[in-house]
Amino acid sequence: MQSILLSVAVVVIYFVLFFLSMVLPFLWIIDWIIYLGVFAIWILMLVKAYQGEKYKLPIIGQMAENYSNK
């Protein structure tokens, strides 16, 4: 559930930044910083899952836990 919520959040952020970068072209720099951050989070989550550790992301982790306990 954490992965699904993270993916939805990333897609929403990408769409917003995509349309904003059409108006303000210098925002592509922020796009790349966010892409690198998402890639780093993805690698971190892969490593934690491979090691068998339970890891909660700060905001999304609690939301995912609430949805999965229903």
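Analyst: Welcome! Let's start with one term: a residue is called buried when its relative accessible area is under 20%, exposed when it is over 50%, and partly exposed in between. Keep in mind that the model we are looking at is predicted.

User: Thanks! Which residues are buried in α3?

Analyst: In helix α3, the buried residues are I60, G61 and A64. Viewed down the axis of α3, they fall within an arc of 100°, so they line one face of the helix.

User: Why can residues three or four places apart in a helix point the same way?

Analyst: The general idea is about turns: an α-helix has 3.6 residues a turn, so residues three or four places apart point the same way. Now back to our case.

User: What do the buried residues of α3 pack against?

Analyst: They pack against α1. Let's turn to that helix next.

User: How do I check the length of α1?

Analyst: Count 1.5 Å a residue, using one less than the number of residues. Helix α1 covers residues 2-23, which is 22 residues, and it should span 32 Å; its end C-alpha atoms are 32 Å apart, so the two values agree. You can do this for α2 as well: with 23 residues, α2 reaches 33 Å from its first C-alpha to its last, close to the expected 33 Å.

User: Which residues of α1 are buried?

Analyst: Helix α1 has Q2, L5, V10, L17 and S21 as its buried residues. They cover an arc of only 130° around the axis, which means that they sit on the same side of α1. Turn the helix around, and the face away from that buried side carries the exposed residues I4, M22 and V23.

User: What covers the buried residues of α1?

Analyst: The cover includes α2 and α3, the latter being residues 60-68. The packing can be read from the side of α2 too, as the buried residues of α2 pack against α1.

User: Which residues of α2 are buried?

Analyst: In α2 they are D31, M45 and K48. D31 makes a good example, so find it in helix α2, residues 28-50. Leaving aside residues up to four places away in sequence, D31 touches L17 and S21. You have met both of these as buried residues of α1.

User: D31 is a charged residue. How far away is the nearest side chain of opposite charge?

Analyst: For a salt bridge, a side-chain nitrogen of Lys or Arg must lie within 4 Å of a carboxyl oxygen of Asp or Glu. The nearest side chain of opposite charge to D31 is K48, and it is 28 Å away. D31 is therefore buried without a salt bridge, by the cut-off we just used.

User: How many salt bridges are there by this rule?

Analyst: The count comes to two. In one of them, the side chains of K48 and E53 meet, with 3.3 Å from N to O. K48 is buried, while E53 is partly exposed at 39% relative accessibility. K56 and E65 form a salt bridge too, with their closest N and O atoms 3.6 Å apart. Here E65 is partly exposed at 26%, and K56 is partly exposed at 38%.

User: How many aromatic pairs does a search of the whole structure find?

Analyst: The search finds four. One of them is Y14 with Y35, an edge-to-face pair with 4.7 Å centre to centre and 70° between the planes. This pair links distant parts of the chain, as Y14 is in helix α1 and Y35 is in helix α2, 21 residues apart. W32 and Y35 are also an edge-to-face pair, with 5.3 Å centre to centre and 90° between the planes. Those two are three residues apart in helix α2, so about one helical turn separates them. Ring pairs link Y14, W32 and Y35 into a cluster.

User: Are the members of that cluster exposed or partly exposed?

Analyst: W32 counts as exposed at 51% relative accessibility. Y35 is partly exposed at 32%, and Y14 is partly exposed at 26%.

User: What happens just after α2?

Analyst: There you find G52, which takes a positive phi of about 80°. To place it, compare it with Y35: the two residues are 17 residues apart along the chain, and 26 Å separates their C-alpha atoms.

Methods
Residues numbered from 1 in each chain as written. Heavy atoms only, no water. Helix = DSSP H or I, 4+ residues; strand = E, 2+ residues; numbered from the N terminus. Buried < 20%, exposed > 50% of the residue type's maximum accessible area, 1.4 Å probe, protein only. Lys, Arg positive; Asp, Glu negative; His and termini not counted. Contact = heavy atoms within 4.5 Å. Arc of directions from axis to C-beta. Phe/Tyr/Trp six-rings, centres within 6.5 Å; stacked < 30°, edge-to-face > 60°.
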